[in-house]
Amino acid sequence: MTTELLQPLIYDIGSPGRMGVNLPECDVPKVELPAALMREDLPLPEVSEVQVVRHFVKLSKLNYSIDQGLYPLGSCTMKYNPKINEDAARLPGFAQLHPLTDESGSQGALFLMRELQKWLGEISGFDAVSLTPAAGAQGEFAGILMIRQYHRDRGEGQRDLILVPNSAHGTNPATVTMAGMHVHELPSNDRGNVDMDALHAACEGELRDRIAGMMVTVPSTLGLFESTILEVIATVHDAGGLMYMDGANMNALMAAVKPGELGFDVMHYNLHKTFSTPHGGGGPGSGAVGVNDKLAPYLPGPIVEIVEEGAADTEEPVGATLESPEHGRGMTRASQGSPLQTSAGEGDRPPLYGFVMPEKSIGRLKAFHGNFGMHLRAFAYIRVYGDSGIRDVTRYAVLNANYLRAKLMRTYKVPYPRYCGHEFVLEGHFEDAADVHALDISKRLMDYGFHPPTNYFPLIVPEALLIEPTETETKVDLDEFVEAMERIAEEARRDPELLRNAPHTAPVRRLDEVRAAKELVLCCAPALSR
Amino acid sequence: MSYIPHTPFETQQMLVEIGVATIDELFEAVPATHRFPKLDLPPPMSEMEVAAEMLAISEANDHAQDFAIFRGAGAYHHFIPSVVNHMLLRGEFYTAYTPYQPEISQGTLQATYEYQSMMCALTGMDAANASHYDGATSLAEAITVALEATRHRRKKVILSHAIHPHYREVARTYHQGRDIRIIGDRGRGEVVDLMEMLDENTAMLAVQYPDFFGQIDDLSTLADAVHDAGALLVMVANPMALSIFKSPGELGADIVVGEGQPMGVPLGYGGPYLGYFAIRQKYVRRIAGRIIGETLDADGKRAFVMTLRPREQDIKRERATSNICTNQGLMALSASVYMALMGKNGLRHVGELNYHKAHYAANEINRLDGYSVDMSKPFFNEFVVACPRPIARINEALLAEGIIGGYDLGAHYYHLTDRMLLCVTEMNAKEEIDRLVEILGGLG
Ligand SMILES: Cc1ncc(COP(=O)(O)O)c(C=O)c1O
């Protein structure tokens, strides 16, 4: 047994006294440090700057990423993350803006957030939007808390059940419990839709008065548009419940349909899926929520509104609140033709944007006001596509998925024979190669240079491989992926061991997860004196 | 078509393969009455135009490159070595997903494992998770762990009023659906007053270290008192302060949470930041969120993998204690690179710079007529100044001189009108501090 890591731990490449930074000396008179409060030991690594750079560069090379190739991870929308967005996020006016800057000094940021709220409302067909949730799951949490409070305010606090289809993402049922409500799970039918009999039974039987609402993913986690969606919505509304849409799959819906117009009451976006903000190896995300007028007063806050209307041709200096105060350290600001003035005419005073807390808000979900760095990337992304282009994102995402589906149907079992949305599910299993499972196919794909699809989700399809190519992939890339999948299907019959032992070319082989959980080595820091 | 690569010819070939004439036919399951609505959005823009617009919007903000900044209150302007951003910009890191496929994610996994390790070193805890959304939600998640650890038999959570006001708001938002009481923070209770509230119905007690006012309380008897009552001690700690001050582990904390932003994450108007969460071994299986562990691969090679997975929402569903999925992974990478660069000696040096500069500023301001600094307790890099005029006025005057002044405490604490929370970090050169003092003096 070897005990070498691919790349030694940062703790293991240091030497006492080595430094990775060059810091200034203290330029003020020193005071005495309070000895009784000081720590003795700070067991951090001692490495040089060059060592740090090489260490992390080497680690980075052990990763697969969108920048390297197709990443068809269903439900995650691994589309290209535009580089211009990274540049924008690093502009000093954004990156070095303190979250508690006075409103007058953060009009740019507030304007951007207000525009994004408007655009996200427009795309989803909702009246009001809050950008504060940090990720999809937090958006869900906000949505269910809003539904809960809505019923309580109407004297219907006994409504404590949220209907959740068994195809739902795990965050949906987990959210319901976190909000102090209860899950009533609904089965799916053979078309991948919610089982209408079960829905009617729940909404019209003795549970009727306890129905608070329902969470549905559209298109479903199978990538299928629920063709009975209008009936589902009507049935739940009839029972007095509200409809929550999990908007993780909005890449299939933009300018194809507005959830608010279908009758949903609330939904969350994942800006880190639909609007190209990077997934960052696990996060950050951003989970904006949109609501109709029933729930608008309950939105998590703060949200941005115009707190003082603009005015035309006033005597006041133009855009007094926006432009570079002549003070500051004297950098010139872009004051002319500022985008903030778009709503006002030349020489007019633009409106003053500010934060407000909605009247009956469920409260704050985060310190400050959301993952602003993701807001500005989503803003830049929507700005690039604009009114005519956003629909193309969805159209080509759906085209790519259906193309892959049509080609892969020849070698793999596709459980639902319908056109799909932006993703679709395959069964990663062959009757004549019973020992090969979806996981083996996934691992073997790594040898062909691809990231695997999502495995074993949704739970209702055995051996599920959920495939989502996104709109940013070329036909050539898709064809290569199909070719790899076809070769793997062949290998499954000819040499199943090849798959069961895959990957063969990745930096490491399959890992012992049982050992990880049993031995629980979670930290390599030298133990402190306690 | 921006980032969409299809040529008309390819699109045609693909449609033939699918067996439809147009893309729009693929949307037949969408109710016809609602299909293809018009969107009222601005027209598309070229990359050049977008770049110019983003610059213009960004410059309508008063930022730390143009202004000297003395504001903290939960978000801190610290030095970030250039290397941090260069590592963050590697596409292999920022365009990867959560490391569900460990064979091709060892980079993210090892970097996160090292982050966990360095957080343990800093806090004196045994394990840390891969991150929560921010300091506030870390505290909210700590409450869940404490309630679970005391088997939901205890219904009382004691929070100090000197915990960041937003964090306390978030704690209440998170737990509004539960049958528990959050108490302790409505008055001005000192730590000894909080200790008196402990009883057999208390699940946990939380204090901030240094507290929201920058001060460090005498916490030497706190842990014993909390543990005697059978409750958990949670500390909300500024990791930068832990560079020089005793670790919460040494002070007996069971869970340490807080905002990792001071370590390599820019101010960024409040996010994305980094909620860190560290815990004692005893409670490690109750931790929420992702956690990375070491193991072996099929060849016996050491490697890393997400572990304790059965706690998480995708497996445990409605029985999971938290719904967290996406976290703040890239910010954990920032902190990892930052801590590695700073190391044992660099981080302590930065901590000391903060301490000395803040004390220099505090002493100078305390000498001014009309001002007084609260020196009743030791403090780190923030302190409370009683001012002779409303804080809004003072900040207006400072802004006119290119300085973003302190945080107006009256906004959250009714008894602290005309009190300003000033923050001084290693970024504030002596001349900047002297100028601040001079202008304040002129306003006295
Ligand atoms: C269908 C669905 N719902 C919800 C989520 C949760 O979103 P997040 O990871 O941003 O919290 C995800 C993604 O992970 C998802 O795929």
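In this predicted model, a polar side-chain atom of Thr326(B) sits 2.5 Å from an oxygen atom of the ligand. Chain A supplies further polar neighbours. A polar side-chain atom of Lys273(A) is found 3.0 Å from an oxygen atom of the ligand, and one of Asp246(A) is placed 2.6 Å from a nitrogen atom of the ligand. On its own, the ligand would expose 390 Å², and the protein buries 99% of that area. Two elements give two or more residues each to the shell around the ligand, namely helix H5 (136–153) and helix H10 (271–274) of chain A. The largest share, 3 residues, is contributed by H5(A).

The shell can also be described by its members. There are 15 residues around the ligand, and those that come nearest are Ser75(A), Asp246(A), His272(A), Lys273(A) and Thr326(B). The site is shared between chains, because the residues that surround the ligand come from both A and B. Sorted by class, the shell holds 7 polar, 5 nonpolar and 3 charged residues.

Ser75(A), one of the residues that come nearest to the ligand, deserves a look at its backbone as well. Its phi is near 80°, a positive value in a residue other than glycine. Ser75(A) belongs to the loop between helix H1 (49–60) and helix H2 (83–89) of chain A. With a relative accessibility of 8%, Ser75(A) counts as buried, since the cut-off for that term is under 20%. Chain B offers a second example: Arg317(B), also not a glycine, has a positive phi near 50°. Arg317(B) is located in the loop between helix H10 (313–316) and helix H11 (329–366) of chain B, and at 9% relative accessibility this residue counts as buried too.

Attention now turns to the helices of chain A. In helix H8 (residues 229–238), the buried residues include Ile229(A), Val232(A), Ile233(A), Thr235(A) and Val236(A). These residues lie on the same side of H8(A), because the arc they cover around the axis is only 165°. The general geometry helps here: an α-helix has 3.6 residues a turn, so residues three or four places apart point the same way. The partners of the buried residues of H8(A) are both strands and helices of chain A: strand S2 (161–165), strand S4 (211–217) and strand S5 (242–247), together with helix H7 (196–204) and helix H9 (259–262). Just after H8(A) comes Gly240(A), with a positive phi of about 90°.

Helix H6 (residues 171–178) of chain A is mostly covered, with 7 of its 8 residues buried. The buried set consists of Thr171(A), Asn172(A), Pro173(A), Ala174(A), Thr175(A), Val176(A) and Met178(A). Here, too, a glycine with a positive phi follows the helix: Gly180(A), just after H6(A), has a value of about 80°.

A charged residue, Arg444(A), is part of helix H12 (residues 438–447) of chain A. Arg444(A) is buried, and its relative accessible area is 11%. Its side chain is joined to that of Asp447(A) by a polar contact of 2.7 Å. Leaving aside residues up to four places away in sequence, Arg444(A) touches Ile488(A), Glu491(A), Leu498(A), Leu499(A), Ala502(A) and His504(A).

In chain B, helix H12 (residues 391–400) contains Ile394(B). This isoleucine is buried, with a relative accessible area of 0%. Beyond residues up to four places away in sequence, Ile394(B) touches Tyr371(B), Cys387(B), Pro388(B), Arg389(B), Met420(B), Leu440(B) and Leu443(B). Its C-alpha atom is separated by 9.6 Å from that of Gly444(B), although the two residues are 50 residues apart along the chain.

Finally, cis peptide bonds precede two prolines. In chain A, the bond from Phe457(A) to Pro458(A) is cis, with omega near 0°, and Pro458(A) is placed in the loop between strand S11 (454–455) and strand S12 (464–467). In chain B, Gly271(B) and Pro272(B) are joined by a cis peptide bond with omega of about 5°. The loop that holds Pro272(B) runs between strand S7 (255–259) and strand S8 (275–279) of chain B.

Terms used: Residues are numbered from 1 along each chain as its sequence is written. Chains are lettered from A and ligands numbered from 1 in the order in which they are written. This is a predicted model: local features need pLDDT of at least 70, side-chain atom pairs count only at pLDDT 80 or more; totals for chains, interfaces and linings use all residues. Side-chain values use heavy atoms; hydrogens and water are left out. Buried means under 20% relative accessible area, exposed over 50%, partly exposed in between (1.4 Å probe, protein chains only). Helices (H or I, at least four residues) and strands (E, at least two) are DSSP runs, numbered from the N terminus. The arc is that of the directions from the helix axis to the C-beta atoms. Contact means heavy atoms within 4.5 Å. A residue is near a molecule or strand if one of its heavy atoms lies within 4 Å of it. A polar contact is a pair of N or O atoms within 3.5 Å; within protein, one must be able to donate a hydrogen and the other to accept it, and residues adjacent in sequence count only if both atoms are side-chain atoms. Accessible areas come from the Shrake-Rupley method with a 1.4 Å probe; for residues, only the protein chains shown count as cover.
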